[in-house]
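User: Please take a close look at one part of this model, the nonpolar patch on its surface and the loop around it. Then set that part against the rest of the chain.

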Amino acid sequence: MWFGWFEFASVNCRNGPECASIGFAVPTDPRLALFGALVEPLPLDCTEESAAELTVRCRELALDGPFGYNDEYAMLALRALQDAGVDVPGAVALVGADDLLLARLLRPLLSSVRMRLPSGEELAELVDRMVSDPEAPPVSLDLMTVELIARGSS
């Protein structure tokens, strides 16, 4: 928001629970209203037709900052926006989530939120330590860290 974008959208999987394996859902956060921002959920099927409808909805609502449910949905939205003649990032700044390799191959390069979860090895070492030495001081572990990787689409 401090970069000048005030009309946001959360591009989410339309089909609900079936999409849980695709990535992390992004809830609409009403706290953004404190900054004068509009946050509009935009359901999207993983089809070109649905993406074209999303583009029309973005224009109707004058949205300038859609955030993709994941990079795949953001890529689909990017293509639909470009097909409709929308200047990305000039008119619309688009960000995905997952930071897939493919995000670095698109034009413009897709901005993405990189998420790091602890590896199975890190978790196993933590459990092993707790079992092997229950008197050891507690260890903290970040369950998830996130970082915005700003590229050409935002």
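Analyst: L100, L101, L102 and L105 make a nonpolar surface patch of about 370 Å². The model is a predicted one, and that applies to every value given here. Of the patch residues, L105 can be placed in the loop between β4 (95-97) and β5 (111-116). Its relative accessibility is 56%, so L105 counts as exposed, the cut-off for that class being over 50%.

The loop that holds L105 has other features in its backbone. As background, most residues other than glycine have a negative phi, and most peptide bonds are trans. D98 is found in the loop between β4 and β5, and its phi is positive, near 120°, although the residue is not glycine. D99 is in the loop between β4 and β5 as well, and its phi is also positive, near 55°, again in a residue other than glycine. The two aspartates fall into separate accessibility classes: D98 has 24% relative accessibility and therefore counts as partly exposed, whereas D99 is buried, with a relative accessible area of 9%. The cut-off that places D99 in the buried class is under 20%.

P108 lies in the loop between β4 and β5 too. The peptide bond that leads into P108 from R107 is cis, with omega near -5°. The loop thus holds the exposed L105, two aspartates with positive phi and a proline that follows a cis bond.

A second cis bond is found before β4. The peptide bond from V88 to P89 is cis, with omega near 15°. P89 belongs to the loop between α2 (71-83) and β4.

For the setting of this region, the protein has 3 helices and 6 strands. Along the sequence they follow the pattern β-β-α-β-α-β-β-α-β. The protein has 154 residues, and buried residues make up 36% of them.

Helix α1 comes earlier in the chain, at residues 48-61; with 14 residues, α1 reaches 20 Å from its first C-alpha to its last, close to the 20 Å expected at 1.5 Å a residue. The buried residues of α1 are S50, A51, L54, T55 and C58. Seen down the helix axis, these buried residues fall within an arc of 150°, so they line one face of α1. E49, E53, R59 and E60 are exposed on the other side of α1. The residue that follows α1 is A62, with a positive phi near 55°.

Several C-alpha distances relate parts of the chain that are separated in sequence. One starts from the buried face of α1: L54, which is among the buried residues of that helix, has its C-alpha 8.7 Å from that of L81, 27 residues away along the chain. L81 lies in helix α2, and with a relative accessibility of 1% L81 counts as buried. Both residues of this pair are therefore on the buried side of the cut-off, which is under 20% relative accessible area.

D64 lies in the loop between α1 and β3 (65-68). Its relative accessibility is 15%, so D64 counts as buried. D64 and L94 are 30 residues apart in sequence, and their C-alpha atoms are 8.1 Å apart in space.

C46 belongs to the loop between β2 (38-44) and α1. C46 is exposed, with a relative accessible area of 54%. Its C-alpha is 7.0 Å from that of Y73, with their positions 27 residues apart along the chain. Y73, in contrast to the exposed C46, is buried, and so is Y69.

Y69 and Y73 bring in the aromatic side chains. A search of the whole structure finds 1 aromatic pair. Y69 and Y73 form this pair, which is edge-to-face, with 5.4 Å centre to centre and 75° between the planes. The angle is over 60 degrees, the cut-off for calling a pair edge-to-face.

To return to the part asked about, the patch is made by L100, L101, L102 and L105, and the loop between β4 and β5 that holds L105 also holds D98, D99 and P108.

How values were computed: Residues numbered from 1 in each chain as written. Predicted model: local features only at pLDDT ≥ 70, side-chain atom pairs only at ≥ 80, totals over all residues. Heavy atoms only, no water. Phe/Tyr/Trp six-rings, centres within 6.5 Å; stacked < 30°, edge-to-face > 60°. Buried < 20%, exposed > 50% of the residue type's maximum accessible area, 1.4 Å probe, protein only. Helix = DSSP H or I, 4+ residues; strand = E, 2+ residues; numbered from the N terminus. Expected span 1.5 Å × (residues − 1). Arc of directions from axis to C-beta. Patch = residues over 30% accessible without salt bridge, like charges linked within 9 Å, V, L, I, M, F, W, Y side chains within 5 Å. Areas by Shrake-Rupley, 256 points an atom, 1.4 Å probe, with all protein chains shown as cover. Salt bridge = Lys/Arg side-chain N within 4 Å of Asp/Glu carboxyl O.
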